[in-house]
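Student: I'm new to this one. Could you take a close look at the disulfide bonding here and walk me through it?

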Amino acid sequence: MPITQLNIRAVRNLSELSLSPSPGINIIHGPNGSGKSSVLEAIHMLGLCRSFRTNKLNHLIQTGETQCTVFAQVDAMGSGMSQPLGVERNLESDCRIRYAGNNIDITTLAELLPVQVINAETFMILEGSPAVRRQFLDWGSFHSNPEFIRLWRGFKRVLKQRNSLLKYGKIEQRIRAVWDQEFITYAEQLNTLRELYIEALKPEFDLILADLLEGVSIDLSFSPGWDKKRGLDQVLDDNFERDLRQGYTSAGPQRADLRLKVDGHTAAERLSRGQKKIVVSSLKLAQGVLFYKLNSRACIYLIDDLPSELDQQHSRLFCHYLEKTASQCFITSVDKEALTGYWSDQAELRFFNIQEGAFSTQ
Ligand SMILES: Nc1ncnc2c1ncn2[C@@H]1O[C@H](COP(=O)(O)OP(=O)(O)OP(=O)(O)O)[C@@H](O)[C@H]1O
Ligand SMILES: [Mg+2]
């Protein structure tokens, strides 16, 4: 699966950077502002054609440059044979992706190189809006069922159409019935895939969490976005007058959410900062374990500043599980020492010291 060679050009302070990563654990260490997170950002761009830190390309692309490029040799299917993959973005927002000599689109890229990020933003799974949790959920649903993307796109299209009719303010009964039927068909299929994914994820999450967070039990549940007891056709009918007044559809998969509770209380309000980090990391680890089980290949983990918020014992356990996902990991830390000693003898460890955007040889 892993990236066997990586070349980065004009990503933030990285003018030209090449590395031959380990298929296992890669630790990128160096002082503040040296370019550690930028390396992760470049790998994220390689997998998803965008940054995980900004939507503004003039921040991602090095000042004074008009485009940035990440080029890699990747063994995406774990066959032992690497193929060239290149992603290029320019200030006009064009994205060019080449794989094995062909242009490919973003969906194909996302399938090819599944990337998981754990950074300060990951806390938003607990603290952020439902949209963040839906994104988490849909990452998994996308990677566990090839039908998901077609349903998701179809649903988005129907939702947009229904909402523009609602905004228009007048809908003939006959037209409404047609759109509602299509909405319900997509919604239910999409919902089934999400439910199946959470059912499969839950045992993996519970197992990891039981080890990582002793004495605290988290109840993870899925909320589809409408009252299932009434059925979606009834809910759409019941909400119709209100939806018409508001100009949008108030119930459906676009409102789905994940609930995380501790003794009946919202986890975001109950847990300490470190405990939250353990919970969100466990969710991400569980996704990696499940991805491996379903696809017989591993994803890539980008972990920005692993030691922050975790004590030694929890860092050790976290590293243990990370190794178990069999993933290629890129981990940043200011302090090299903070990340030694947590790995098994079998772990394929490689250290990279970065200083002012370049690797130091010492
Ligand atoms: N578009 C850009 N062009 C050039 N340099 C940039 C650009 N955006 C950010 N930088 C600079 O890149 C440097 C590296 O930033 P980065 O976030 O990768 O550092 P880091 O090693 O992760 O630091 P920390 O330990 O503080 O997290 C910083 O000095 C930053 O100011
Ligand atoms: Mg950083």
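Tutor: Sure, let's start with the term itself. A disulfide is a covalent bond between the sulfur atoms of two cysteines. To be counted here, a pair of cysteine sulfur atoms has to lie within 2.5 Å. Keep in mind that this is a predicted model. Searching the whole structure turns up one disulfide.

The partners are C49 and C95, whose sulfur atoms sit 1.7 Å apart. Look along the S-S bond and you'll find an angle of 80 degrees, which gives the link between C49 and C95 a right-handed twist. As for where the two ends come from, C49 is in the loop between α1 (36–48) and α2 (57–60), while C95 belongs to strand β6 (residues 95–99), so the bond ties together parts that are 46 residues apart in sequence.

The two ends also differ in how they are classed for exposure. C49 is buried, at a relative accessible area of 2%, whereas C95 is partly exposed, with 30% relative accessibility.

Now for a couple of cysteines that miss out. Take C68: the closest cysteine sulfur to its own is the one in C49, and at 8.9 Å that is too far for a bond. C68 is buried too, with a relative accessible area of 0%. C329 has a similar story, since its sulfur lies 8.6 Å from the closest cysteine sulfur, in C299, and that is too far for a bond. C329 is likewise buried, its relative accessible area being 0%.

Terms used
Residues numbered from 1 in each chain as written. Chains lettered and ligands numbered in written order. Predicted model: local features only at pLDDT ≥ 70, side-chain atom pairs only at ≥ 80, totals over all residues. Heavy atoms only, no water. Helix = DSSP H or I, 4+ residues; strand = E, 2+ residues; numbered from the N terminus. Buried < 20%, exposed > 50% of the residue type's maximum accessible area, 1.4 Å probe, protein only.
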